[in-house]
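Student: I'm new to this one, so could you walk me through how we know what we say about it?
Tutor: Sure, let's have a look together.

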Amino acid sequence: MEQSIITIENLFKQFKGADVAAVKGISLSIAKNEIFGLLGPNGAGKTTTISILCGLFRQSSGHVVIDGMDLSSNLTAIKQIIGVVPQDIALYPTLTARENLDFYGHMYGLSGKDLDAKIEKWLANFGLTEAANKRVSEYSGGMKRRVNLIAGILHNPKILFLDEPTVGVDVQSRNVIISYLKELNQQGMTIVYTSHHMEEAEHFCTRVGIIDYGNIIAEGTPLELNNKYDGCNKLEDVFLHLTNRSLRD
Amino acid sequence: MINKLVAAIKKEMLILLRDRIGLAILFIMPMILIFVMTLIQDSAFKSLNEKGIPIIFVNEDKDSLGYAVENGLRNSDLCSFNDQINGKYITADEAKKAVADGKFLVGIVIPKNATNAIRKNVQELVESAFSTDTITTNKTQSVDSVEVKIFIDPVTKKSFLTSISSNLREFISGIKTQLMFKTFSDQLGELIPEKKQMTSNAYNNTQIITYKEIYASETMGEIVPNAVQHNVPAWTIFAMFFIVLPLAGSMVKEKIEGSIVRLHTMPSSFLLLINGKIIVYVIVCLIQFVLMMSVGLFFLPMLGLPVLDLGNSPLGIFVISLATAFAATGFGVMMGTIAKTEQQGAIMGALSILLLSAIGGVWVPTYVMPDTMRQLSVLSPLNWSLDGFYDLLLRGAGVRAVLPGAIKLMIFFLITMSIASLVNRFKRNV
């Protein structure tokens with residue numbers, strides 16, 4: 001295993017006023033250049049874990065080191081090297097795709113011709129050049145997802161956090177998104193990814209962690225997990241085996 | 001840093017320019033308000049300042065007192081004098097009916113023989129003074145009194161009535177003094193015949209004290225308070241504070257749409273993003289200000305309304321309008337931070353501005369408010385601003401006069417920003 005780029009030790013998070021902790025002492029190590037899938041049912045603690053890693057809110061206790069820097073004391077520096085693609089379409093609907101990307105690019109410290117070139121490159125890669133000057137509110141769900149992704153990778157981050165990046169998109173858009181994410185990973189980008197889409201995760205992730213009730217209950221490559229549990233031929237079987245078939249809120 | 005701030009400003013401007021409803025709220029609504037409110041209030045201010053209150057006068061006396069009161073009322077700026085209806089002189093009963101019908105606010109009747117009654121009273125007073133007979137002093141008490149009738153429309157303000165009745169007392173007292181002087185002169189003339197003509201003329205030709213009402217102002221000219229001088233600054237301030245709606249709305253949208261989540265994961269401070277909003281909305285407020293002043297300077301006169309007088313301190317106007325812009329923006333940022341939904345932001349923003357503007361004297365000037373409300377008005381930042389504009393536009397003051405108000409508005413801005421920062425920290429510290 002390559003050198004760890006994210007190390008999590010006993011991460012614990014209890015929201016104010018909540019009876020139960022959302023994350024209960026997770027310990028995890030994610031290697032450089034990995035595509036790590038954090039999988040779990042609704043309310044398992046995936047988004048809370050990723051939100052802490054992105055600096056959206058502080059952990060109640062525990063220790064996180066990202067690229068050799070302690071998260072609590074180096075948040076600004078860590079924000080420079082991470083990219084975040086939230087589950088919501090975090091774009092301004094009345095601005096065009098180009099205007100949105102120009103704004104977010106500046107917020108990452110990019111500017112001038114360098115920023116323009118990156119915007120044009122990614123718009124072209126994701127087939128959005130022609131629609132670049134249209135308002136995002138006029139886009140289809142798939143187009144919005146693609147712009148949402150570009151906004152998180154414009155600055156070429158070392159680590160990319162993706163919270164269900166392909167939810168609600170058609171197969172074509174999903175294939176394009178996954179294909180480019182794999183390309184970015186091959187270029188050295190570490191990807192931390194959450195999804196409910198087990199088949200996608202199985203093909204996309206180099207390693208997965210299954211989280212439930214705030215704990216990591218299984219960890220390994222999809223193949224390792226399939227082999228580990230009897231009668232499981234695919235990641236979805238493992239997931240259902242470990243998290244039960246009962247409905248979750 | 002500068003690049004980020006410029007990008008934040010550019011983004012805010014683009015969002016604002018594409019929000020047609022927001023633009024209408026910011027620019028068209030206040031312009032309409034200025035037109036409507038000024039036209040509505042123009043007649044009320046006119047009755048106060050220009051034409052005066054409509055008065056119907058009945059002179060049954062047809063002698064010195066009646067003519068003196070008639071001349072006095074005709075020449076008074078306080079009232080609009082009438083002694084005829086449909087070209088005919090009227091009786092006391094007709095005057096009473098005209099007031100009851102709302103055609104006039106006040107009716108004044110000087111009764112028949114009023115001057116004679118005064119004359120008789122004075123004559124007996126003087127005679128008693130020159131007489132050695134002590135019994136005559138009791139006679140004066142038996143003289144008929146003069147009863148001047150004043151019919152009042154219930155809507156007439158007490159302050160107008162006080163002015164009218166005090167003027168009447170002054171006329172009656174003047175006539176009484178004049179008659180007394182004449183009677184004394186006549187009595188003296190009988191004792192010293194060579195002085196008789198001189199003394200009576202001396203009184204008639206002398207007017208020692210004269211009065212002129214001038215609005216206290218530091219300018220050389222006289223700026224009369226009118227609907228334009230009140231409404232243009234008042235509704236401009238209201239419009240500037242109404243940016244709370246689009247500003248708070250845009251902040252709530254960022255939260256709901258998820259942009260704020262992404263921005264919190266970026267290496268840019270939240271303050272920088274807020275600064276982008278503040279700069280844009282302060283500029284918007286200043287544009288609003290220029291537009292609203294243009295309405296007062298160029299458009300209202302086209303409707304026959306007075307031209308807005310900007311006083312003599314452009315620097316003072318800039319200082320108070322800039323401080324108002326900051327206060328309004330700070331209030332908007334605070335509302336946008338507190339509100340969780342767009343509806344919450346709109347309702348809280350609109351209600352708070354309506355309340356603060358009502359208290360602050362935007363709808364009704366503070367000088368016509370009851371004492372309690374007037375004391376409350378000093379709590380409203382809109383009042384600090386409006387008072388500054390009154391200093392500049394009505395009292396003709398300079399920049400120094402508006403500094404205390406401007407400082408209060410800037411402190412209000414800092415307080416609202418601090419509250420917004422605390423609320424933001426509290427919300428993120430989940």
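Student: What makes you say that helix H1 (residues 46-54) of chain A lies across strands?
Tutor: This is a predicted model, and contact here takes C-beta atoms within 7 Å. Helix H1 of chain A lies across strand E3 (35-39), E6, E7, strand E8 (190-195) and strand E9 (207-212) of chain A. Against E7(A), the helix runs at about 150 degrees.

Student: And which strands does helix H9 (residues 235-243) of chain A lie across?
Tutor: H9 lies across E3, E9 and E10 of chain A, at about 25 degrees to E9(A).

Student: Why are E6 and E10 of chain A said to stand at the edges?
Tutor: The open sheet has six strands in the order E6-E7-E8-E3-E9-E10 (chain A), with mixed pairing. Strand E6 (82-85) and strand E10 (215-220) each have a single partner strand, so one side of each has no neighbour in the sheet. From one strand to the next, the twist averages 15 degrees.

Student: How do you know that E6(A) and strand E7 (residues 159-163) of chain A pair?
Tutor: Pairing takes at least two bridges, and these strands have four, in the parallel sense. In E7(A), A:Phe161 is the bridge partner of A:Val84.

Student: Over in chain B, what makes one side of H1(B) the buried side?
Tutor: Buried means 20 or more other C-beta atoms within 10 Å. The buried residues of H1(B) are B:Lys4, B:Ala7, B:Ala8, B:Lys11, B:Glu12, B:Ile15 and B:Leu16. They cover an arc of only 165 degrees around the axis, so they sit on the same side of H1(B). The face turned away from that side carries the exposed B:Ile2 and B:Leu17.

Notes: Residues numbered from 1 in each chain as written. Chains lettered and ligands numbered in written order. Predicted model: local features only at pLDDT ≥ 70, side-chain atom pairs only at ≥ 80, totals over all residues. Buried ≥ 20, exposed ≤ 12 C-beta atoms within 10 Å, placed from the backbone. Helix = DSSP H or I, 4+ residues; strand = E, 2+ residues; numbered from the N terminus. Arc of directions from axis to C-beta. Axes fitted to C-alpha atoms, helices over the stretch in contact; angles between N-to-C directions. Contact = placed C-beta atoms within 7 Å.
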